[in-house]
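Subject: Handing over a structure, with notes

Dear colleague,

I am passing on the structure below, together with some notes on what was found in it. Please read them with the coordinates open.

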Amino acid sequence: MSSIYNILLNHRICLTIIAPIFLLLAMCFSAAVANASDEWIYGDSPVAYDLTPCEGTPDISGTNVVWVSGNLNFGHVYYKNLSSPASEQRLSESLNNETQPVISGNLVVWEETYGTTPPYFKVYYKYLDGPGPLPVSDSPFSQRGHDVSGNKIVWSDSRNGNDDIYMFDTTTQQETAVIQKAGNQRTPKIEGDWLIWSEPGYQSGRSNIYAKNIVTSEERQILINTVASIAGISDGQILLLIDAGQNNEIRIFDLATQVIRTIYSKPDVLLGADIDGDKVVWSSMPEWVGVDVAPGKVYVHDLSKDITLSIDTSVGGLSPRISSNRIVWPDARSQNCEQGRYGDIYYTEFGDLEYALAMKYRPDLHLAKDENFGPMPVEQFLTSPGTFLRKRNDPEFDPKANPTAHDLASVSEIVDLFIDVPGQSVEAGGGDSSCSIDRGYINDHYTSTYVQRKDQFPATIYARMVPAETENGNSAIQYWINYYANDHPELFHEGDWELVQVDLNENSDPVQAAYSHHGGGTWRPWDAVEGPNGHPIVYVAAGSHANYFQAGDKFHIFWPLAWDVAQGDGDTWNPAVKLLPEPAEASGTEFDWLNFKGQWGEYTGATLCTGQNGYRDGPDNPTVQNSWNNPFGWADQCDGCQDDTGDGTDVQLTAKSPVDIHIYDSAGRHVGKNATGGIDREIPGSEYLEYPDRKSIIIHGGDINSGFTAEVNGTGTGPCELILTAPDRSGGTVDTLNYQSIQVNPATTATMTVDASKNYTLNLDTNGDGNITPKIPDVTTTKSVDFTPPVQVTDLMASGVSSGSVTLNFMAPGDDGNEGVAKLYDLRYSTSPITDDDWKDAVPVSSLPAPLPAGSTQSVTVAGLEAGTTYYFALRTLDDVALTSPNSNLASATTTMPELGWVMQRVYWASWEDYQSRYLSIDYRMSNLGTGAALESTIQASLCTPDTVYTVTSLPLLVGDIVSGANRTVTLKYFVPTNVGSFATTTFATCNDDASRTYWFPGPLS
């Protein structure tokens, strides 16, 4: 965009303006910011969209993509090279009704349909850099089910009455009948010397699958009379889609070993598959929902590592195709297709699937304010000056300075070893005699050593892929996090290994996350884990580096003497990820340290004043920790399965085996195992949890005043313990009842009524003979509980806006409804409206004010926003027991942005002297057309065509601040030679906004 003026000069010093043309400078540019989630896989990118109502049936070879653009009855084949955005073109101008393109290298093959009763098909081919399209055969009969590999094209042809398989070699221009049999031979696939095809059987939907080596003529029968289709062949591995009755399956048949294996078996609907090398892609959806929109999800599977990765799509894809590390598929997300299940064509790229998975679910670490240590690689730990490998209580052991990973592996058979960094843990943390901590000592001996070298090493965490070990096929990713020291006031020790784990189902979709803290851990279902784009947010406690699912300032460690503060108000780390091998595979690599059996930090043997032993010692190497060796059992407490207070404010029945447990509500709805072995969760808000040593039923938000019946049935012989949590919300109390040492057998039953009467007698029938023995609780505790959350804020509104910030006002709620003083606020913003469902994806605001007494007016300024952008804000309030208000009303505001306009007003010779000097003056009006102040507006340059015309006014020229809607007059002088009758100018200007960001108009000066 430029200001262009055509100017005619005459010999009478008279100036005539001919057709002055000007364009306002009304565009600003902002730098694109890379999305951190794109580290592992490029975000879905459109190959083609909005050409017609539908784009479908894509195929890919290298970076070349072909597809049909049109609808299901009329379309054309298009091509695009992914590395050349401008390469998109239609491959034929003369053909119509083109369909099913396939590509190998730069050879494209497709069918043209003609006729209607029935439709007939003719196969064409074209090299991307050659003439065409050309027919593969002059046969007048229908040609279908084509495929291509190298320079060979195969198809099924009905010229002999039945369908036979023919091949055309584009190099020799020879056509060959390769399969001729009595039955119909269809859907051929070819790779190298191998041809695969199907022969429909006499039973509906069933086929025989064959393979033939077209060089040696060896023929094999792969499947007999099976509901199956051939999806592809690569590297001698045949990809088969099987209808196995209740399940649809994806199987791989290896031509070399003649072994068939199943990589997918589910009742889901398969929507297409493809194979290339050791990678398989497919799309599936839970059930068939019609042909207009197919909400399928695309997956890629690594055959060599048995890992599956889901490719996220907004609505769904089908029939993906793969070439190397690129996948293309038609996706219904735009819903712009008039017919069928197609949409726009999308593609994505991926690297190593293990690394891709590790990056996809990599935790985002939100550290506490003033945290001294961040996640670090082991190299930083081992190479710190003054670090030694030592042995406990052994003066004969020769300490090793700065041990390498290989050094650690070489002493794997020696016990009682530890890595000692400079400094004394007891002196830093007080040891036996004190619970105090010496911050000066820590700074001098630990923090300074870490800080001096941290910029030499990237923040790093280590990902370990845990294969499926459970009956349901779940696998896991463990993220091991190393810190230089733990400087919690009551728990100082050198070194610190923490763990975040993401459990995955058979499709590698996350099902839950587990966070470590203080030798144990808790887990949450994935849908309760906070985190945008699949990255779980971890709130890391100050000093101790314990991990929590939510921010808080009093997570108890040793009640009531020690607690964690994990507000997430410090640095946020999105660390680099290194994939860990298993210890047996680490020999000779940088991960040799995995075979070390000792501790990362000084061994002191000191205890705390709380009586806890070992908390002054460095942690064990990850590979000898329980969480490494018991990945699916180390985190045995569910965080969030109870009320946020953690005080047991939901109805909960827990039984130590051997029994089954059930809860019925007053309407007869059931939670527990049913007669078929499944799990009923008929009561709203219910949850059923089963561990190796216990079972639990939780009714979230449950209240004994609603009335429940608990039932226990013996499943074996032995002692049983029952624990019942019974909240009385109207009374503000919670009763906890413990029934101990109940002897049960398979005939034992017991029932109990849980209601407002608070008669917690367990009616026990030990032998199933109808004789009831009442049992009262062995232990009963009652506590007062706050069940009243803060009231919802309903008056959140924007009171001030700048280019980079929005100020919000609201009336403070109380601790209990509208009474008292709440504990803290949680304010979040997003560029789309915030709902309960996407609250966790909105950006939390740090440095919020403390709540004032109910009814007080409060304000907060949210800074760091983009200019000219509409933001939405919502607020939650928490009280001192972590009860949370509903989302506030949704407030919105649009940040301001300056926008400079440039209009010519007058062209003239300012004086006789200027005319003689050929200095032409032009008056311009610079206007601020934007919504925010244009600060320090400056003319940077005014370029002329021809370049014999140039500005004589000294540039840059500061114009000054221009408020929104205002303007300034600016005069520039140009030298105009006598032989120039007209010229054009392009003027570049800048301004700043109130956040000191600079804008160029019409764009940056190159």
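In what sense do strand β10 and β11 pair, and over how many bridges? Before the reply, please keep in mind that this is a predicted model. The pairing of β10 (residues 98–104) with β11 is antiparallel and extends over 5 bridges, and within this part of the structure Ile-103 stands opposite Val-108 of β11. The two strands form a hairpin with 2 residues between them, where Gly-105 takes a positive phi near 65°.

On β11 there is a further pairing to report, since 8 bridges join this strand to β12 (residues 120–127), again in an antiparallel arrangement. There, Trp-110 has Tyr-124 in β12 as its bridge partner. As for its surroundings, β11 (residues 107–114) has 7 of its 8 residues buried, and it is therefore largely enclosed by the rest of the structure.

Helix α1 (residues 353–360) can be described along similar lines: 6 of its 8 residues are buried, so this helix is largely enclosed by the rest of the structure. The buried residues are Leu-353, Ala-356, Leu-357, Ala-358, Met-359 and Lys-360, a list in which you will find a lysine. Where α1 starts, a side-chain oxygen of Asp-352 comes to within 3.1 Å of the backbone nitrogen of Glu-354.

Turning to the nonpolar cores, the largest one has 40 residues, and those with the most contacts inside it are Tyr-446, Tyr-484, Trp-593 and Trp-600. Two or more residues of this core are given by each of α2 (378–382), α3 (405–410), β36 (417–420), α5 (439–454), β38 (475–486) and β39 (493–504), with α5 providing the largest share, 4 residues. Another core, of 37 residues, lies apart from this one, and it includes Met-465, Tyr-483, Trp-526 and Val-577.

Finally, on the surface, Tyr-919, Tyr-950 and Val-952 make a nonpolar patch of about 250 Å². Of these residues, Val-952 is placed in the loop between β73 (950–951) and β74 (957–962). Why does Val-952 count as partly exposed? The reason is that its relative accessibility is 33%, and partly exposed covers the range between under 20%, which is buried, and over 50%, which is exposed.

With best regards

Note on methods: Residues are numbered from 1 along each chain as its sequence is written. This is a predicted model: local features need pLDDT of at least 70, side-chain atom pairs count only at pLDDT 80 or more; totals for chains, interfaces and linings use all residues. Side-chain values use heavy atoms; hydrogens and water are left out. Patches are made of residues with over 30% relative accessible area and no salt bridge: like charges are joined within 9 Å, nonpolar side chains (Val, Leu, Ile, Met, Phe, Trp, Tyr) within 5 Å. Accessible areas come from the Shrake-Rupley method with a 1.4 Å probe; for residues, only the protein chains shown count as cover. A salt bridge is a side-chain nitrogen of Lys or Arg within 4 Å of a carboxyl oxygen of Asp or Glu. Buried means under 20% relative accessible area, exposed over 50%, partly exposed in between (1.4 Å probe, protein chains only). A nonpolar core is a set of buried Ala, Val, Leu, Ile, Met, Phe, Trp, Tyr and Cys residues joined through side-chain atoms within 4.5 Å. Two strands pair if DSSP finds at least two bridges between them. A polar contact is a pair of N or O atoms within 3.5 Å; within protein, one must be able to donate a hydrogen and the other to accept it, and residues adjacent in sequence count only if both atoms are side-chain atoms.
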